[in-house]
Amino acid sequence: MFLPALLVLAQPVHEIWYSIDASPTHSQLYIAKGDGTDEKPLLPDTGLDYDPSLSPDGQWVVFTSERGGQADIYRVRPNGTGLEQLTSDPCFEDQASLSPDGKTLAYVSTKGTGRARIWTLDLKTKKTRLVNNSTGGDFHPSWSPDGKWLAFSSDRGLPAGHWPGRWEKIQSLSVYIARPDGSGLR
């Protein structure tokens, strides 16, 4: 006699990754259940760890840390092991995002010009590439699900304005896409 096997599907486990900024000189990465319970630090406190991003396959958390005295990109396994520094240029590097296949890192760097630009890093060869050079700043790269495009915000061609009657400048941003090699910008 044939008895069918029962397949029991577990409810998906949702987690959130975030940083808590306790002061201008202290922030730390945390992980918690999707409902905010069971909060725990991802790594021991080092002073300034922030801007975490989970890789699409869930195997890595990339983040910015100033543990070496400047903003560089690191990655670590979700259980806190395998910490690896990915960038070390003497400039500001932040806002990292791993490609869907996990082979390429897109990030913001002020390398070379002092302006925020989108760069890519081939994690195997460690070669970097400037995605696009503009007169403005480029921010927050995000990969398309197929890894063929990068979306990002930019203030290129948009002069800073002022709130009426106020001294503060406002930064106007638009959303752009480009291929990781910089072609197809629109």
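Start with the open sheet in this predicted model: select β12, β13 and β16, three strands that run in that order across the sheet with antiparallel pairing. Strands β12 (138–143) and β16 (174–178) are the edges, each paired on one side only. From one strand to the next, the twist averages 25°.

Next, keep β12 and β13 (residues 150–154) on screen. The two are joined in the antiparallel sense over four bridges. To find the register, pick S142 and look across to β13, where A151 stands opposite.

Now show the aromatic side chains. How many aromatic pairs does a search of the whole structure find? The search finds three, and two of them are stops on this tour.

For one pair, select F63 and Y74. The ring centres are 5.9 Å apart and the planes meet at 20°, so the pair counts as stacked, the cut-off for that being under 30 degrees. F63 belongs to strand β5 (residues 61–65) and Y74 to strand β6, so the contact ties together parts 11 residues apart in sequence. Switch on the surface to check burial. F63 is buried at 0% relative accessibility, and Y74 is buried as well, at 5%.

The other pair takes you back to the open sheet: select F152 and Y176. This pair is also stacked, with 6.1 Å centre to centre and 20° between the planes. F152 sits in strand β13 and Y176 in strand β16, and the pair links these distant parts of the chain, 24 residues apart. Are these two residues buried or exposed? F152 has a relative accessible area of 2% and is buried. Y176, at 18% relative accessibility, still counts as buried because the limit is under 20%.

Add the arginines to the view. R156 places its charged end over the ring of Y176, 5.0 Å from the ring centre. Returning to the β5 and β6 pair, select R67: this residue lies over the face of Y74, at 5.2 Å from the ring centre.

Stay in strand β6 (residues 72–76) and select R75, which is found there. R75 is buried, with a relative accessible area of 12%. Which residues does R75 touch, not counting those up to four places away in sequence? The list is W60, V61, V62, F63, G82, L83, E84, L86 and L123. F63, from the stacked pair with Y74, is thus one of the residues to display around R75.

For the last stop, move to strand β9 (residues 104–109) and select S109, which is found in that strand. S109 counts as buried, at 0% relative accessibility. Display its polar neighbours. The side chain of S109 makes a polar contact with the side chain of E93, at 3.5 Å. A polar atom of the S109 side chain also lies 3.0 Å from the backbone nitrogen of K111.

Finally, expand the selection to the contacts of S109, leaving aside neighbours within four places in sequence. These are C91, F92, E93, R115, A116, R117 and W119. E93 therefore appears here both in the contact list and as the side-chain polar partner of S109, a contact being defined by heavy atoms within 4.5 Å.

Notes: Residues are numbered from 1 along each chain as its sequence is written. This is a predicted model: local features need pLDDT of at least 70, side-chain atom pairs count only at pLDDT 80 or more; totals for chains, interfaces and linings use all residues. Side-chain values use heavy atoms; hydrogens and water are left out. Buried means under 20% relative accessible area, exposed over 50%, partly exposed in between (1.4 Å probe, protein chains only). Two strands pair if DSSP finds at least two bridges between them. Axes are lines fitted to C-alpha atoms, for helices over the stretch in contact, and angles run from 0 to 180 degrees between N-to-C directions. Rings of Phe, Tyr and Trp (its six-membered ring) pair if their centres lie within 6.5 Å; planes under 30 degrees apart count as stacked, over 60 as edge-to-face and the rest as tilted. A charge sits over a ring if NZ of Lys or CZ of Arg is within 6 Å of the ring centre and within 35 degrees of the ring normal. A polar contact is a pair of N or O atoms within 3.5 Å; within protein, one must be able to donate a hydrogen and the other to accept it, and residues adjacent in sequence count only if both atoms are side-chain atoms.
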